[in-house]
Amino acid sequence: MSLEDLVVGLMRVGGYDIQDDGAGFTMSDEKARVYRARRNGKTTALVILPHEIGTHPELDERVLAEFSVGVTQTNPDQAVLVTDKYSPYSMYEREKRDKRLLFVTRERLQAFVDSFSVQ
């Protein structure tokens with residue numbers, strides 16, 4: 001199962017309506033997929049960026065900046081970037097500055113999956 005299949009599937013099980021419309025912005029990394037998710041009247045920008053074997057395992061600062069700019073321009077209720085890459089320390093500072101941002105990196109992926117536990 002790909003990271004994209006896992007995340008989209010979990011969010012649908014969690015009651016989100018997922019649209020593959022780019023959420024109003026694009027990412028320069030062609031592997032990144034951008035979605036708009038809706039649940040209970042709130043909009044979530046969802047970006048899924050898989051790690052490619054043989055590439056640097058840490059999320060690039062450029063991706064964080066690009067994601068933050070896209071969120072600022074489109075102004076969703078919340079925004080989630082999911083990746084199986086490791087997180088840079090600056091990610092925590094970005095989350096503190098803008099409470100709408102959530103970065104689900106390799107270290108946080110299991111907790112993200114567990115949060116959708118199906119009873």
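Student: Hi! Which residue stands opposite arginine 36 in S3?

Tutor: Hello! Alanine 45 of S3 stands opposite arginine 36. Keep in mind as we go that this is a predicted model.

Student: Got it. How do S2 and S3 pair, parallel or antiparallel?

Tutor: They pair in the antiparallel sense, over seven bridges. S2 covers residues 33–39, and S3 covers 42–49.

Student: And S3 with S4, parallel or antiparallel?

Tutor: Those two run parallel, joined by six bridges. One bridge there has leucine 46 with valine 80 of S4 as its partner.

Student: What holds paired strands together in general?

Tutor: Strands of a sheet pair through backbone hydrogen bonds, and they can be parallel or antiparallel.

Student: What does the whole sheet look like, then? In which order do the strands come?

Tutor: The order is S1-S2-S3-S4-S5, an open sheet of five strands with mixed pairing. S1 (17–19) and S5 are the edge strands, and each of them pairs on one side only. On average, neighbouring strands of the sheet are turned by 20° against each other, direction ignored.

Student: How many residues of S4 are buried?

Tutor: Five of its six residues are buried, so S4 is largely enclosed by the rest of the structure.

Student: Back to S3 for a second. Is threonine 43 buried or exposed?

Tutor: Threonine 43 is buried, because its relative accessible area is 17% and the cut-off for buried is under 20%.

Student: Which residues does threonine 43 touch?

Tutor: Leaving out residues up to four places away in sequence, threonine 43 touches Arg36, Ala37, Arg38, Pro76, Asp77 and Gln78. Arginine 36 is the residue you began with, the one opposite alanine 45.

Student: Nice. Let's switch to helices. How far apart are the end C-alpha atoms of H2?

Tutor: They are 20 Å apart. Helix H2 has 14 residues, 61–74, and at 1.5 Å a residue it should span 20 Å, so the two values agree.

Student: Which residues of H2 are buried?

Tutor: Val63, Leu64, Glu66, Phe67, Ser68, Gly70 and Val71.

Student: What do those buried residues pack against?

Tutor: They pack against three strands and a helix: S3 (42–49), S4 (78–83), S5 (101–104) and H3 (90–97).

Student: Which residue caps the N-terminal end of H2?

Tutor: Aspartate 60 does. One of its side-chain oxygens lies 2.6 Å from the backbone nitrogen of arginine 62.

Student: And what comes just after H2?

Tutor: Asparagine 75, with a positive phi of about 55°. That residue is in the loop between H2 and S4. Asparagine 75 is exposed, with a relative accessible area of 55%.

Student: Where does asparagine 40 lie?

Tutor: Asparagine 40 is in the loop between S2 and S3. Its phi is also positive, near 55°, in a residue other than glycine. Asparagine 40 is exposed too, with a relative accessible area of 71%.

Student: Okay, new topic: rings! How many aromatic pairs are there?

Tutor: The structure holds four aromatic pairs. In one of them, tyrosine 89 and tyrosine 92 have ring centres 5.8 Å apart and planes at 50°, so that pair is tilted.

Student: Are those two tyrosines buried or exposed?

Tutor: Tyrosine 89 is exposed, with a relative accessible area of 63%. Tyrosine 92 counts as partly exposed at 34%.

Student: What about phenylalanine 112 and phenylalanine 116: how far apart are their ring centres?

Tutor: Their centres are 5.2 Å apart, and the planes are at 75°, so this pair is edge-to-face. Phenylalanine 112 and phenylalanine 116 are both buried.

Student: Which residues do ring pairs link into a cluster?

Tutor: Phe25, Phe67 and Phe103. You've met Phe67 already, as one of the buried residues of H2.

Student: Last one! Where is aspartate 5, and how far from isoleucine 48 in space?

Tutor: Aspartate 5 is in helix H1, which covers residues 3–13. From C-alpha to C-alpha, aspartate 5 and isoleucine 48 are 9.9 Å apart in space, while 43 residues apart in sequence. Aspartate 5 counts as partly exposed, at 49% relative accessibility.

Terms used. Residues numbered from 1 in each chain as written. Predicted model: local features only at pLDDT ≥ 70, side-chain atom pairs only at ≥ 80, totals over all residues. Heavy atoms only, no water. Helix = DSSP H or I, 4+ residues; strand = E, 2+ residues; numbered from the N terminus. Expected span 1.5 Å × (residues − 1). Buried < 20%, exposed > 50% of the residue type's maximum accessible area, 1.4 Å probe, protein only. Contact = heavy atoms within 4.5 Å. Polar contact = N/O pair within 3.5 Å; in protein donor to acceptor, adjacent residues only side chain to side chain. Phe/Tyr/Trp six-rings, centres within 6.5 Å; stacked < 30°, edge-to-face > 60°. Pairing = 2+ DSSP bridges. Axes fitted to C-alpha atoms, helices over the stretch in contact; angles between N-to-C directions.
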